Number of protein chains: 2
Amino acid sequence: MKPNQLLASSCAMTRTMGILGGKWKPLIIWGIGQRRIRFGQLAAHMPLISRKVLAEQLKELEEAGLILREAFNEVPPRVDYSLTENGLRLLPILESLRDWTKSCEAAGTPASGPCLVEKQA
Amino acid sequence: MKPNQLLASSCAMTRTMGILGGKWKPLIIWGIGQRRIRFGQLAAHMPLISRKVLAEQLKELEEAGLILREAFNEVPPRVDYSLTENGLRLLPILESLRDWTKSCEAAGTPASGPCLVEKQA
DNA sequence: GTTACTAGTAACGTGCTGGTAACTAGTTTC
DNA sequence: GAAACTAGTTACCAGCACGTTACTAGTAAC
């Protein structure tokens with residue numbers, strides 16, 4: 001099953017999974033949020049994702065038009081990432097998804113593992 | 001990166017990805033929708049997912065408490081799947097996700113590939 | 001001259017993910 | 001007595017997703 005196959009589907013939900021499929025992309029979008037953030041900051045923020053995978057996913061998200069990449073010709077190099085309008089419109093949906101998880105767990109056990117992405121207050 | 005690691009995170013968004021991560025689970029939930037549906041029907045409905053993977057994902061979703069599995073002691077065997085309350089509460093969120101995709105594509109190219117899951121009218 | 005800094009990329013290796021085919025059971029149909 | 005039906009499970013195998021390590025460039029600090 002190639003992701004391209006998903007994107008080519010006539011079913012909108014299937015295409016959605018082609019865009020956001022995998023466990024990383026929603027987390028990365030959520031991690032960027034409304035900020036402009038540099039690659040290194042983002043990587044430090046999400047220690048469970050390797051830098052290589054992060055770079056790959058960022059590139060795919062940029063191609064999908066969800067994030068904006070601004071590279072500055074400086075030394076040392078500097079690149080800022082931020083969400084495009086389409087990306088920003090995804091945030092409230094992700095938020096309701098997170099709330100759904102919380103409500104499911106309402107009577108469950110609290111988690112204690114490392115935080116992969118936590119929204120800055 | 002083990003999915004268990006995601007589930008153990010203290011970050012709710014990370015745990016969400018632990019539950020729904022991968023490209024299949026949201027599609028399966030969407031495919032079941034508000035119906036009671038048999039395994040064979042569901043499999044016929046989503047031709048791009050192999051039966052083996054479908055069975056595995058269904059089991060995981062059942063363990064996560066999102067779907068209900070009812071097996072009847074008949075011959076030939078019969079098993080009905082349906083969403084639990086938690087699963088049902090996910091449907092409107094998935095719907096807004098699908099709408100988000102559609103609005104992103106508003107000016108884009110129409111897709112023509114096979115439908116993996118399409119909501120029955 | 002060495003080290004550090006950033007934002008990656010390339011090479012390499014491993015293990016999980018997913019696909020295919022074969023098999024199960026008990027009853028019905030031919 | 002053979003075949004078909006359902007809902008899987010098992011064995012086996014290919015591929016890719018992911019991780020680790022090393023490397024780049026140009027400048028600044030030591």
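**Exercise 1. Find the side chains that reach the phosphates of DNA strand C, and say which elements sit around them.**

Step 1. Start with A:Arg38: one of its polar side-chain atoms lies 2.9 Å from a phosphate oxygen of DNA strand C. That's inside the limit for a polar contact (a pair of N or O atoms within 3.5 Å; within protein, one must be able to donate a hydrogen and the other to accept it, and residues adjacent in sequence count only if both atoms are side-chain atoms). Bear in mind that this is a predicted model, where local features need pLDDT of at least 70, side-chain atom pairs count only at pLDDT 80 or more, and totals for chains, interfaces and linings use all residues. Residues are numbered from 1 along each chain as its sequence is written, chains are lettered from A and ligands numbered from 1 in the order in which they are written, and side-chain values use heavy atoms, with hydrogens and water left out.

Step 2. Now look at A:Arg69, where a side-chain N or O atom is 2.4 Å from a phosphate oxygen of strand C. From the other chain, B:Ser50 does likewise at 2.8 Å.

Step 3. Place the elements (DSSP runs numbered from the N terminus: helices are H or I, at least four residues; strands are E, at least two). Those giving two or more residues to the surface near strand C are H4 (39-45), H5 (51-63) and E3 (78-83) of chain A, plus H5 (51-63) of chain B. E3(A) has the largest share, 3 residues.

**Exercise 2. Describe the whole surroundings of DNA strand C.**

Step 1. Count the residues near the strand (a heavy atom within 4 Å): there are 18, and the closest include A:Arg69, A:Tyr81 and B:Lys52.

Step 2. Check what they touch: sugar and phosphate make up 68% of the strand C atoms that come within 4 Å of the protein.

**Exercise 3. Characterise the interface of chains A and B.**

Step 1. Each side's tally comes first: the contact (heavy atoms within 4.5 Å) takes 48 residues from chain B and 48 from chain A.

Step 2. Add the buried area (accessible area, 1.4 Å probe, that two parts lose on being put together, summed over both). That's about 4200 Å², with carbon and sulfur atoms giving 71%.

Step 3. Look for salt bridges (a side-chain nitrogen of Lys or Arg within 4 Å of a carboxyl oxygen of Asp or Glu). You should get 2, one of them joining B:Arg15 and A:Glu105 at 2.8 Å, N to O.

Step 4. On chain B's side, H7(B) gives the largest share, 11 residues.
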